[in-house]
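Work through the exercises below with the sequence and the model side by side, and try each task before reading its solution.

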Amino acid sequence: MDFFEIVNSHIAELTKNEQVLFDYVITNLDNIKNKSIREVADDCFVSTTTFLRFVRKLGFSGFSEFTTVIKYTLLNKKTIPQSSPFVVSQKDYREEYLKNMVESVRVMDTDKVTQIVTQLQKKPKIFLFAKGLSKEIMRYVKYLYNTAGFFVIFPEDHQTRAIAQQQAEKNDIVFIFSYKGEDLELIEAVRKLKSQNHPLIVSITGADNNLLQNSSDLNLYLFTDEISLNHLDITSHISMIALMELILYQFIETSGSENYHLVFR
């Protein structure tokens, strides 16, 4: 059977992360046909288990059937679609970009924000845990919260993150940033933090159900489209910045004018 005849009925079921995988597959069919599942998973920066689950979700029994059908399709088709059903025009993407930011802010749980602000009022140490592109965003967040008078600890590698976990105390806050929420090091960090002094652990992740979200004390989720360029992640982090800024502004607003003088121009 033709590859596209099989997958068409399953496309609507794909999550945003799986849509990214699908985009890669349909634009690289000729390269994928002779590769192992490990090689393809490495190219997509996912585990073999994740890619196999994706293949089965598309309607295939396993990776062998997946590549066999791809070879059959390439052999019997003179033209293969090179555009993804998830690709939108630049004008449409501007609208989608704005919708993602608005939706991320709109769905912020008021009770959760109140809990975070209440903890901030105790002037705790703030720990920022992030990896990859999220680390670049956290440098700005560190500056922002330092400016408001907080002592912010931002460990930037595995070793310093391990040390920071031991320094976090009960009244502190640990913000953990991971869009996919599947990073094993960060998930393990949550487990260790809970087993020690258990500070307030707040994760900010994508809206899809994930391990980091489920293991944190509080989770705020954001909406954004995962974008890669030459296999490098350039996903927008504007929504993540917006959430952290709004938490700080909420804290300042509730702290009274004797502590902060906030002027909107």
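**Exercise 1. The surroundings of Phe175**

Find which residues Phe175 touches in this predicted model, not counting residues up to four places away in sequence, and then place Phe175 within the largest nonpolar core.

*Solution.* Start from the side chain and list the partners: Phe175 touches Ile116, Ile126, Phe127, Leu128, Phe129, Val202, Met244 and Ile247, once residues up to four places away in sequence are not counted. Next, move from the single residue to the set it belongs to, which is the largest nonpolar core, with 35 residues, where Tyr145 and Phe175 touch the most other members. Then ask which elements give two or more residues to this core: they are helix 8 (110-120), strand 1 (126-130), helix 9 (133-147), strand 3 (173-177), strand 4 (200-206), strand 5 (218-222) and helix 13 (238-255). Of these contributions, that of helix 13 is the greatest, at eight residues. Finally, note that another core lies apart from this one, made of 26 residues, including Phe4, Val7, Cys44 and Val46.

**Exercise 2. The two sides of helix 5**

Determine which residues of helix 5 (residues 48-57) are buried, which are exposed on the other side, and what the buried ones pack against.

*Solution.* The buried residues to mark are Phe51, Phe54 and Val55. Because these residues cover an arc of only 100 degrees around the axis, they are placed on the same side of helix 5. On the other side of helix 5, by contrast, Thr49 and Arg56 are exposed. Following the buried residues outward, one finds that they pack against helix 2 (16-27), helix 4 (37-44) and helix 6 (63-76).

One of these neighbours can be examined further, since helix 4 and helix 5 pack at an angle of about 100 degrees, with their axes 9 Å apart. An angle from 65 to 115 degrees counts as roughly perpendicular, and helix 4 and helix 5 are therefore roughly perpendicular to each other. At this contact, Ile37, Arg38, Val40, Ala41 and Cys44 of helix 4 meet Thr48, Phe51 and Leu52 of helix 5. Beyond the end of helix 5 comes Gly59, which has a positive phi, near 110 degrees.

**Exercise 3. Two helix pairs**

Describe how helix 9 packs with helix 13, and then how the axes of helix 10 (residues 158-167) and helix 11 cross.

*Solution.* For the first pair, the angle between helix 9 and helix 13 is about 15 degrees and their axes are 10 Å apart. Angles under 35 degrees count as roughly parallel, so helix 9 is roughly parallel to helix 13. The crossing of helix 9 and helix 13 is right-handed, and the contact is made by Ser134, Ile137, Met138, Tyr140, Val141, Leu144 and Tyr145 of helix 9 together with Met240, Ile241, Met244, Glu245, Ile247 and Leu248 of helix 13.

For the second pair, the axes of helix 10 and helix 11 come within 10 Å and cross at roughly 20 degrees, which makes helix 10 roughly parallel to helix 11. Here the contact is made by His158, Arg161 and Gln165 of helix 10 and by Glu185, Ala189, Lys192 and Leu193 of helix 11. The crossing of helix 10 and helix 11 is right-handed.

**Exercise 4. Residues in loops**

Decide whether His237 is buried or exposed, and then locate Asp183, Lys123 and His198.

*Solution.* His237 has its place in the loop between strand 7 (232-233) and helix 13. Because its relative accessibility is 11%, His237 counts as buried. Among the residues it touches, not counting those up to four places away in sequence, are Leu133, Ser134 and Ile137.

Asp183 lies in the loop between strand 3 and helix 11 and is partly exposed, with a relative accessible area of 24%. Leaving aside neighbours within four places in sequence, Asp183 is in contact with Lys131 and Ser178. The C-alpha atoms of Asp183 and Lys131 are separated by 9.0 Å, although these residues are 52 residues apart along the chain.

Lys123 is in the loop between helix 8 and strand 1, and its phi is positive, near 55 degrees, in a residue other than glycine. His198, found in the loop between helix 11 (184-195) and strand 4, has a positive phi of about 50 degrees although it is not a glycine. Lys123 counts as partly exposed at 45% relative accessibility, and His198 counts as partly exposed at 30%.

Notes:
Residues numbered from 1 in each chain as written. Predicted model: local features only at pLDDT ≥ 70, side-chain atom pairs only at ≥ 80, totals over all residues. Heavy atoms only, no water. Core = buried A, V, L, I, M, F, W, Y, C linked by side-chain atoms within 4.5 Å. Buried < 20%, exposed > 50% of the residue type's maximum accessible area, 1.4 Å probe, protein only. Helix = DSSP H or I, 4+ residues; strand = E, 2+ residues; numbered from the N terminus. Contact = heavy atoms within 4.5 Å. Arc of directions from axis to C-beta. Axes fitted to C-alpha atoms, helices over the stretch in contact; angles between N-to-C directions. Parallel < 35°, antiparallel > 145°, perpendicular 65-115°, else oblique. Left-handed = near helix turned anticlockwise from the far one by under 90°.
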